[in-house]
Amino acid sequence: MTSKHPQCLAIEADLVATAAGEATPEAADRVRAHVDGCRPCAEELGRYRAIEDVVGRIRTARRAEADEPRVRERLAARLADLRRRLMTYGVFPSPLGHILLARTEDGVSLVQYLGSGRDPRDCRLGRAMGPDAIEDDAALEAFYRELLAYLEGRRTHLEWPLDLRLARSEFHRDVLRVTAGIPYGAVRSYAGIACDIGKPTAARAVAQALRWNPLPIVVPCHRVVGSSGALVGYAGDKLGLKAQLLAVEGVSTAPGTRVPRDAMYVTLPGENFYCLPSCAWIPTAEQPQRLVFFGSRGRAEAAGLVPCGDCRPDLHPLAS
Amino acid sequence: MEPFETLVTVHHPEIHRYLVRMTRRAAEAEDLSQETFLRAYRAYRSLPDDANVRAWLFAIATNLFRNHVRSERRRVTAHAEVRARGHETDGQGPEGEMLFNETRGLIEETVAGLPFKQRTAFVLRKIHDLEYEMIGRSLDCTAESARAHVFHALKKIRHSLNGHELPVTEVTR
């Protein structure tokens with residue numbers, strides 16, 4: 001390579017910019033003045049322009065994209081798959097500590113108590129969202145507002161589309177579906193749920209399924225208690241939360257963390273009336289473990305039930 | 001914010017072309033362009049409304065390509081390069097076309113051999129017409145550095161064409 005005159009070296013950047021049509025007017029003037037008196041640089045400018053021209057033609061040349069539609073099709077399939085898998089989540093403050101809410105295209109898929117922390121990966125089901133989960137509070141905001149109203153007793157129903165994909169088995173999903181049907185302000189036993197899904201001896205398995213409930217509160221596993229009325233367990237070791245949630249719904253718990261079944265109104269799933277616990281038919285009920293207990297007449301009637309014509313709980317209400 | 005499908009329709013062909021050019025292998029270009037859009041989908045909702053979506057997609061594609069090059073380099077293969085399918089055509093006459101194709105071949109070879117930043121900056125600027133500032137965002141450098149990369153790329157291309165006849169330009173001095 002021959003060595004260049006310092007002036008030619010100094011003008012090189014402007015010369016390249018001029019060839020590309022990117023030079024400032026001043027730079028273009030400098031180049032013009034220089035190449036008028038410098039033949040090698042004039043040729044150089046011509047070569048750079050020729051390069052720009054070839055590159056410009058490469059840019060505008062039509063590429064035969066025979067593969068593009070097929071590539072696009074495969075991309076669309078992968079995007080659809082990602083969409084189906086993807087969870088969007090938000091972490092929100094609540095009277096019960098931070099709560100993680102997540103959803104998929106199909107519905108709400110996860111509600112978890114995070115306590116004082118905010119990291120969803122700190123809870124096992126939070127990790128189950130997978131590495132692709134996207135944090136997007138705005139996408140969950142509406143659900144959060146309803147949940148908050150619910151926790152503050154201003155709302156008695158959460159009519160959310162649910163996605164039970166994080167349940168561990170079809171049995172777990174069955175348990176969750178039956179549990180979702182327990183009315184606001186009522187409690188049932190684990191054994192009752194087991195009866196309802198046709199596995200009357202599976203009370204312990206029901207308790208396990210609810211222990212792994214990915215949607216506590218909205219699938220109200222807090223409304224499921226032991227046959228004796230004992231609260232038994234909740235979300236690991238959060239028995240206090242269970243009592244708190246029941247209290248919001250008007251079900252009081254005795255100091256021994258027990259629901260006072262003997263001081264609650266009673267019905268059976270499928271019946272349209274509710275009774276006093278002393279009603280004559282109750283001891284003769286075929287599957288007593290299926291009984292449903294209400295903390296108040298108001299809640300029973302809100303669930304669509306009418307007072308029993310025999311024991312007349314409307315005339316002889318329980319002492320509250 | 002427009003639906004993600006629109007963004008795919010509008011930008012996928014170009015991003016795919018970009019990656020075909022950079023990888024020079026159809027299968028890799030497809031993998032990387034898919035990954036570009038899958039990543040984009042995950043991040044799309046958190047993108048500000050006034051973001052330059054096109055530049056953003058180029059930045060994702062560039063990053064993926066860079067990582068890809070790094071992992072490729074680690075693999076140390078000595079296989080012959082298989083060119084990506086797809087030819088570009090130009091409406092020049094046979095002789096002009098021959099000279100154009102020859103020059104073009106030389107330029108593409110030189111570009112393929114450029115250091116990563118020079119090559120990327122050159123392709124983004126000259127083939128995809130991105131602003132220097134956007135190129136800087138893709139390469140994590142200033143607009144001025146991006147401009148310098150393109151300048152150095154052009155100088156190298158120019159030198160690689162020493163002694164080679166160039167097609168007559170349509171631009172007159």
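Biologist: What makes strands E6 and E7 (residues 224-225) of chain A count as a pair?

Modeller: In this predicted model, two bridges join E6(A) to E7(A), and the two strands run parallel. Strands are said to pair if at least two bridges are found between them, and two bridges meet that cut-off, so the two strands are called paired. Along this pairing, A:Arg188 stands opposite A:Val224, while A:Ser189 stands opposite A:Val225.

Biologist: In which sense do E6(A) and strand E10 (residues 292-294) of chain A pair, and over how many bridges?

Modeller: E6(A) and E10(A) pair in the antiparallel sense, over two bridges. In this pairing A:Val187 of chain A faces a partner in E10(A), namely A:Phe293, which stands opposite.

Biologist: Why is the pairing in this sheet called mixed?

Modeller: The open sheet has four strands in the order E7-E6-E10-E8 in chain A, and its pairing is mixed. E6(A) shows both senses, being parallel to E7(A) and antiparallel to E10(A).

Biologist: What makes E7 and strand E8 (265-267) of chain A edge strands?

Modeller: Each of E7 and E8 pairs on one side only, and that is what places them at the edges of the sheet.

Biologist: How do you know what covers strand E6 (residues 186-189) of chain A, and which of its residues are buried?

Modeller: On one side of E6(A) lie A:Ala186 and A:Arg188, on the other lie A:Val187 and A:Ser189, and all of these are buried. A residue is called buried if 20 or more other C-beta atoms lie within 10 Å of its own, and because residues on both sides of E6(A) meet that cut-off, both faces of the strand are covered.

Biologist: Why is A:Glu301 called partly exposed rather than buried or exposed?

Modeller: A:Glu301, which is found in helix H11 (residues 297-302) of chain A, has 16 other C-beta atoms within 10 Å. A residue with 12 or fewer would be exposed and one with 20 or more would be buried, so the value of 16 makes A:Glu301 partly exposed. Between A:Glu301 and A:Phe273 there are 8.7 Å in space, C-alpha to C-alpha, although they are 28 residues apart in sequence.

Biologist: What does the count of C-beta neighbours make of A:Arg32?

Modeller: A:Arg32 sits in helix H2 (residues 25-37) of chain A, and because there are 14 C-beta neighbours inside 10 Å, A:Arg32 too counts as partly exposed.

Biologist: Which buried residues does helix H7 (residues 170-180) of chain A have, and why are they said to line one face?

Modeller: The buried residues of H7(A) are A:His172, A:Val175, A:Leu176, A:Val178 and A:Thr179. Seen down the helix axis, these residues fall within an arc of 165°, so they line one face of the helix. They pack against H8, helix H9 (203-211) and E7 of chain A.

Biologist: How many residues has the largest nonpolar core, and why is it said to lie between domains?

Modeller: The largest nonpolar core has 63 residues, and those with the most contacts inside it are A:Leu101, A:Tyr265 and A:Phe293. Its largest share, five residues, comes from helix H8 (residues 190-196) of chain A. Domain 2 (84-151) and domain 3 (170-307) of chain A both contribute residues, so the core lies between them. A second, separate core has 48 residues, including A:Leu75, B:Ala59, B:Phe65 and B:Phe100.

Biologist: What makes the length of helix H2 (residues 26-44) of chain B agree with its number of residues?

Modeller: At 1.5 Å a residue, the 19 residues of H2(B) should span 27 Å, and because the end C-alpha atoms are 26 Å apart, the two values agree. Among the buried residues of H2(B) are B:Ala29, B:Leu32 and B:Phe37.

Biologist: What elements make up chain B, and how much of the chain is buried?

Modeller: Chain B has seven helices and one strand, running α-α-α-β-α-α-α-α from the N terminus on. Of its 173 residues, 33% count as buried. Chain A has 11 helices and 11 strands, and buried residues make up 36% of its 320 residues.

Terms used: Residues numbered from 1 in each chain as written. Chains lettered and ligands numbered in written order. Predicted model: local features only at pLDDT ≥ 70, side-chain atom pairs only at ≥ 80, totals over all residues. Core = buried A, V, L, I, M, F, W, Y, C linked by C-beta atoms within 7 Å. Domains from an automatic or database assignment. Arc of directions from axis to C-beta. Contact = placed C-beta atoms within 7 Å. Expected span 1.5 Å × (residues − 1).
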